[in-house]
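I opened a new notebook page for this structure. My entries below follow the order in which I looked things up.

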Amino acid sequence: MLDIPVHLFRITVAFNALNSTIILFSDDFIVDTDLTHRRLPIPQGISLIVLDLNTLPGFTGDPAEWNTPALTWYNDAGSELASAPEVFLVQPFLPNHITIVDFNTAKSQNSHRFDVNLLYAGEPFSSDPIIINEPPMQPGVG
């Protein structure tokens, strides 16, 4: 029987209303800075990527919310796609969460660019991480 690995990655999408910035961070990705403009390596198998939206203290009025669309996907040439690539199943979960199920069977590294889109006080804000579907590990590596 083939064992299919299942992974969970939680990403906090923190909006700082004081300087209008979005910061993405996670304990599940080893990076030297926040995840904004970063590549998020996803191993082979099925991965659940959870985006948790938080507004940092100091905001006035209502907290930031997901814009419509909450995620904008792009092809390799940078053109906007009408929907998520076929390897992803995207589902909003409660007001401040989005789940992305990633069915990674890529034979070589495969990049998926997207924007995280927020709305605060009627103004849109975006950040642009990249999901990298990693190829299978080579025998004897890792």
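**Entry 1: a hairpin**

I began with strand E8, residues 110–120, and strand E9, residues 123–127, which run antiparallel and are joined by five bridges. I kept in mind that this is a predicted model. I then checked one pair across the two strands: leucine 118 stands opposite phenylalanine 125 in E9. Next I looked at the turn. E8 and E9 form a hairpin, and two residues lie between them. One residue in that turn, alanine 121, has a positive phi of about 50°.

**Entry 2: proline 124**

I stayed with E9 and picked proline 124, which lies in this strand. Is proline 124 buried or exposed? Its relative accessibility is 57%, so I noted it as exposed, the cut-off being over 50%. I listed its contacts, leaving aside neighbours within four places in sequence. Proline 124 is in contact with Asn67, Leu118 and Leu119. I also looked up a distance. Proline 124 and glutamate 65 are 59 residues apart in sequence, yet their C-alpha atoms are 9.7 Å apart in space.

**Entry 3: the whole chain**

I stepped back to the protein as a whole. How many helices and strands are there? I found zero helices and ten strands. Along the sequence the pattern reads β-β-β-β-β-β-β-β-β-β. The protein has 142 residues, and 38% of them count as buried. I then looked at contacts between residues at least 6 apart in sequence. Of these, 64% join residues at least 24 apart.

**Entry 4: the core**

I turned to the largest nonpolar core, which has 26 residues. Which members touch the most other members? They are Val13, Trp66, Ile100 and Ile131. Strand E1 (6–16), strand E2 (21–25), strand E3 (39–42), E4, E5, E7 and E8 each supply at least two residues of this core.

I followed isoleucine 131 further, not counting residues up to four places away in sequence. Isoleucine 131 touches Leu40, Ile42, Ile49, Trp73, Phe88 and Ile100. I added Asp102, Asn110, Ser111, His112 and Phe114 to its list of contacts.

**Entry 5: threonine 12**

I went back to strand E1 for threonine 12, which has its place there. Threonine 12 has 18% relative accessibility, so I wrote it down as buried, the limit being under 20%. Neighbours within four places in sequence aside, threonine 12 is in contact with Ile23, Leu24, Phe25, Asp52 and Asn54.

**Entry 6: the largest pocket**

I looked for pockets next. The largest pocket holds about 240 Å³ of space. Its lining has 18 residues, and Pro69, Ala70, Leu71, Trp73 and Val90 lie nearest the centre. Strand E5 (65–74), strand E6 (88–93) and strand E7 (97–104) each supply at least two residues of this lining. Which strand gives the most? E5 does, with seven residues. By class, I noted 13 nonpolar, four polar and one charged in the lining of the largest pocket.

**Entry 7: the second pocket**

My last stop was the second largest pocket, with about 170 Å³ of space. Ten residues line this pocket, and Asp3, Ile4, Pro5, Gln44 and Gly45 are the closest to its centre. Strand E4 (45–55) and E7 are the elements that give two or more residues to its lining. I sorted the lining of the second largest pocket into five nonpolar, four polar and one charged.

Notes. Residues are numbered from 1 along each chain as its sequence is written. This is a predicted model: local features need pLDDT of at least 70, side-chain atom pairs count only at pLDDT 80 or more; totals for chains, interfaces and linings use all residues. Side-chain values use heavy atoms; hydrogens and water are left out. Two strands pair if DSSP finds at least two bridges between them. Helices (H or I, at least four residues) and strands (E, at least two) are DSSP runs, numbered from the N terminus. On a 1 Å grid over the protein atoms alone, a cavity is a set of points where a 1.4 Å probe fits but cannot get out, and a pocket is an open set with protein on both sides within 12 Å along at least five of seven lines; lining residues have an atom within 4 Å of a point. Grid points are joined across faces, edges and corners, and a volume is the space filled by probe spheres set on the points. Ala, Val, Leu, Ile, Met, Phe, Trp, Tyr, Cys and Pro count as nonpolar, Asp, Glu, Lys and Arg as charged, and the others, Gly among them, as polar. A nonpolar core is a set of buried Ala, Val, Leu, Ile, Met, Phe, Trp, Tyr and Cys residues joined through side-chain atoms within 4.5 Å. Buried means under 20% relative accessible area, exposed over 50%, partly exposed in between (1.4 Å probe, protein chains only). Contact means heavy atoms within 4.5 Å.
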